[in-house]
Structure formats: C-alpha cells, structure tokens
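Me: I would like to learn how to read a structure like this one, feature by feature. Could we go through it together?

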Amino acid sequence: MRLWREDEADRIATARTNQATAHFLPFIPQPFTAEDARFWLRDLADQRAAGTRYNWCLADRQTDLGLGNLTLFRLEHGTGELGYWLHPEAQGQGLITEALARVSRWFFDEYAGQQLLIKTASTNRAARRTAERAGFSLLRTEPDKYKLATGPDALAIYELTAPVAPPAEEQDV
Ligand SMILES: CC(C)(COP(=O)(O)OP(=O)(O)OC[C@H]1O[C@@H](n2cnc3c(N)ncnc32)[C@H](O)[C@@H]1OP(=O)(O)O)[C@@H](O)C(=O)NCCC(=O)NCCS
C-alpha cells in the first residue's frame, strides 16, 4: 500500500469508469477522466496534509501496478469511515479484505481510533461481503438512505471496534 503517483492518472481513470461504479457510486462522474483523476489526487494531497483524509493505492507487490484504492475519511471523535474500489481486473482476489485488515490495525493500534464504519448500498453484495470478510459487523440499515443511479436503496452501515487478527503467516508462533 502506497500513495498514488501523478503519472497514474490514466490508470485511475480506467479503474473508475465502469458499470458497477456508475450504479453504486453515482456521484462519481462517468467517464472518470484523467483530468478528474489529477484533480482527485490534488484534493487527496490537501486532505492528507490537513489530517482529514488518508488514502492508499493498493499496488501489485511485484510490478507496483496500481490495483485499487482504500480511503479513510470522516475522521471525528475517534470514528473514521472507509471506502474502497478495485480496478475490474484486480477483483476477486481478496485484495480489499487484506487492505481493510491492514488499515484497521493501523487505525486502532497507531492512530488510536475507536470505531471504523463502512457505509454502502444494501444491494452492493461485493462491498458488503468484503466488509464482513474483514471482520466488520452490520450495525444497522436505514431504508431509502442510499442514492443509486436507479433510485433509492437501503443504506447498510458496518462497524469495527477492535483490530482484526493478522493473517496466520504474519503472526508470531
Ligand atoms: C467492492 C469491491 C472492491 C469488492 O471487490 P473484490 O474484493 O474483488 O470482491 P470479490 O470479487 O472477491 O467478492 C467478494 C465477495 O462478494 C461476492 N460478490 C462479488 N460480486 C458480487 C455480486 N455482484 N453479487 C453478489 N455477490 C458478489 C463474492 O462472491 C465474494 O463473496 P464470498 O466472500 O462469499 O466469496 C469491488 O466490487 C468494487 O470495486 N466495486 C465497485 C466500487 C464499490 O462499490 N465500492 C464499495 C464502496 S464502499
């Protein structure tokens, strides 16, 4: 996990331009252009400097190719919210689950946060399953509170209040 680089704007643009993003995250412009990506990176740098948002690029360990994104935002009173996406080619490998576990450990152990939230559309099965696989529990659902491209959906809110155990290969034995 690392910061995105400015020269990855085209990669971010292709990752963000797809049917799932258009449907589940309709506030993101479609197509998401390289110029949109450069603006997004400048905004992230400003927010990181202000301590209001932390953002990570998930990169391939061997090739360093940018595969996806994890962002920690709405940081207030010990609570933070996580959002994430993967390039369509990088989905189905459990990458977000691993990244969620790593950032959760940093949030509770080093940042000294107390509660992490993931808020998603109730029908976004992939987002909900990744939250559950990372150890988050369903806190509540709120009818009609999530705006999809096709109309309102229930908002599903997941919570984590303690770090998840590291994978077996990272544990001391
Ligand atoms: C959410 C996202 C990052 C998950 O990607 P991923 O880690 O590759 O997820 P996977 O493909 O491994 O799927 C995770 C789980 O969801 C299930 N799933 C995936 N797509 C699904 C679908 N369309 N319908 C039902 N279940 C689905 C998988 O079967 C898997 O379940 P399992 O744990 O029981 O095996 C990815 O779908 C994405 O980038 N979506 C667009 C952006 C988005 O919606 N972000 C969420 C905002 S919080």
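The dialogue below takes up the ligand, the aromatic pairs and the backbone in turn.

Me: What should I know before I start?

Reply: This is a predicted model, in which local features need pLDDT of at least 70 and side-chain atom pairs count only at pLDDT 80 or more, while totals for chains, interfaces and linings use all residues. Residues are numbered from 1 along each chain as its sequence is written, and side-chain values use heavy atoms, with hydrogens and water left out.

Me: Which residues come nearest to the ligand?

Reply: A residue counts as near a molecule if one of its heavy atoms lies within 4 Å of it. Here 14 residues surround the ligand, and Tyr 84, Leu 86, Gly 92, Asn 124 and Arg 133 come nearest. Sorted by class, this shell has seven nonpolar, four polar and three charged residues, where Ala, Val, Leu, Ile, Met, Phe, Trp, Tyr, Cys and Pro count as nonpolar, Asp, Glu, Lys and Arg as charged, and the others, Gly among them, as polar.

Me: How do I read the polar contacts of the ligand?

Reply: A polar contact is a pair of N or O atoms within 3.5 Å. In this model a backbone N or O atom of Gly 92 lies 2.4 Å from an oxygen atom of the ligand, a polar side-chain atom of Asn 124 lies 2.8 Å from a ligand oxygen, and a polar side-chain atom of Arg 129 lies 3.0 Å from a ligand oxygen.

Me: Which elements give two or more residues to the shell around the ligand?

Reply: Helices (H or I, at least four residues) and strands (E, at least two) are DSSP runs, numbered from the N terminus. The elements in question are β3 (79-86) and α5 (125-133), and α5 gives the most, with six residues.

Me: How many aromatic pairs does the structure hold?

Reply: Rings of Phe, Tyr and Trp (its six-membered ring) pair if their centres lie within 6.5 Å, and planes under 30 degrees apart count as stacked, over 60 as edge-to-face and the rest as tilted. The structure holds eight such pairs. In one of them, the rings of Tyr 54 and Tyr 111 have centres 6.3 Å apart and planes at 70 degrees, so the pair is edge-to-face. Because Tyr 54 lies in strand β1 (residues 54-59) and Tyr 111 in the loop between α4 (95-109) and β4 (115-121), the pair ties together parts that are 57 residues apart in sequence.

Me: Which peptide bond is cis?

Reply: The bond from Gln 30 to Pro 31 is cis, with omega near -5 degrees, and Pro 31 is found in the loop between α2 (19-24) and α3 (34-50).

Terms used. A polar contact is a pair of N or O atoms within 3.5 Å; within protein, one must be able to donate a hydrogen and the other to accept it, and residues adjacent in sequence count only if both atoms are side-chain atoms.
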